[in-house]
Amino acid sequence: MKNTATKALRALCGMVVMLALMAGITSVSVLAASNGIYTATATSHYRHPTTGVIEDSGGEGSAVLGQSMTDSALNKSALVEVDANGNTWVTIRLNLMDNIQSPKFQVDGSSVSATLMQEDYSDNTADYRMKVNSENSIIRCNMYVVPMGREVIFYITVGNLKSGSGDFITSITVEEPEPTPEPTP
């Protein structure tokens with residue numbers, strides 16, 4: 001009996017050590033973007049990117065179709081703006097706007113108001129800007145999809161920030177640092 005308990009304790013300790021090593025290997029430090037204007041890659045998620053929960057009424061049985069649909073509805077380009085006070089805004093671009101009505105957004109679980117920044121009727125897109133906690137926030141979108149006759153819920157994350165604004169409308173001014181005077185000889 002004692003031998004079995006010892007083996008079980010060793011196995012448990014081994015698993016704890018393995019989990020600790022895996023956590024250490026997979027941890028990634030997250031740094032906040034500094035004052036600036038960035039283009040970013042927008043990624044759609046039919047499942048919540050952290051919990052894996054599908055909130056849309058299509059459910060688990062529609063996961064593949066739902067992911068495909070949300071990939072089509074979300075443009076892969078986004079804009080991230082960080083002002084001098086550290087406030088961050090994300091502008092996402094929705095595609096297929098002739099099939100979408102009344103998009104609403106939440107950021108990290110809290111409702112936010114989004115501003116329609118521009119519509120492009122020839123490309124069938126619309127840009128929505130909202131304040132977020134950081135560029136690492138999870139944006140929840142629910143929108144009415146006309147051909148389906150119902151609301152669809154999915155999530156959006158942004159990443160791969162690169163300096164610049166692309167073809168997005170910007171709203172902040174980036175404050176350039178004062179040049180340091182050259183020392184006189």
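## Strand 7 and the sheet around it

In strand 7, leucine 116 has tyrosine 128 as its bridge partner, and isoleucine 92 is likewise bridged to tyrosine 128 in that strand. Both statements describe a predicted model, in which local features need pLDDT of at least 70 and side-chain atom pairs count only at pLDDT 80 or more, while totals for chains, interfaces and linings use all residues. Residues are numbered from 1 along each chain as its sequence is written, and side-chain values use heavy atoms, with hydrogens and water left out.

The secondary structure of the protein chain consists of two helices and nine strands (DSSP runs numbered from the N terminus, where a helix is H or I over at least four residues and a strand is E over at least two). Along the sequence these elements follow the pattern α-β-α-β-β-β-β-β-β-β-β. The nine strands form an open sheet in the order 5-4-8-9-1-2-3-7-6, with antiparallel pairing; two strands pair if DSSP finds at least two bridges between them. Strand 5 (110-112) and strand 6 (115-120) stand at the edges with a single partner strand each, so one side of each is left without a neighbour in the sheet. On average, neighbouring strands of this sheet are turned by 30 degrees against each other, direction ignored.

Three of the pairings are set out here.

| Strands | Sense | Bridges |
|---|---|---|
| Strand 1 (residues 36-45) and strand 2 (residues 74-82) | antiparallel | six bridges |
| Strand 3 and strand 7 | antiparallel | seven bridges |
| Strand 6 and strand 7 | antiparallel | five bridges |

Within the pairing of strands 1 and 2, isoleucine 37 stands opposite glutamate 81 in strand 2. The hairpin of strand 6 and strand 7 has four residues between the strands, and asparagine 124 takes a positive phi near 65 degrees there. Helix 2 (residues 63-73) lies across six strands, among them strand 1, strand 3 (88-94) and strand 9 (150-163), and runs at about 60 degrees to strand 2 (axes are lines fitted to C-alpha atoms, for helices over the stretch in contact, and angles run from 0 to 180 degrees between N-to-C directions).

A search of the whole structure finds one aromatic pair, formed by phenylalanine 105 and tyrosine 128, which is tilted, with 5.7 Å centre to centre and 45 degrees between the planes. Rings of Phe, Tyr and Trp (its six-membered ring) pair if their centres lie within 6.5 Å, and planes under 30 degrees apart count as stacked, over 60 as edge-to-face and the rest as tilted. Phenylalanine 105 lies in strand 4 and tyrosine 128 in strand 7 (residues 125-132), so the pair ties together parts that are 23 residues apart in sequence.

Phenylalanine 105 counts as buried at 5% relative accessibility, and tyrosine 128 counts as buried at 11% (buried means under 20% relative accessible area, exposed over 50%, partly exposed in between, with a 1.4 Å probe and protein chains only). Strand 7 is mostly covered, as seven of its eight residues are buried, and 35% of the 185 residues of the protein chain count as buried.

The protein chain averages a pLDDT of 84, and 78% of the residues score at least 70; pLDDT is the predictor's confidence in each residue, from 0 to 100. Over residues 5-9 the pLDDT is below 50, and this stretch has zero contacts beyond near neighbours in sequence (contact means heavy atoms within 4.5 Å). Where pLDDT is low, the predicted coordinates should not be read in detail.
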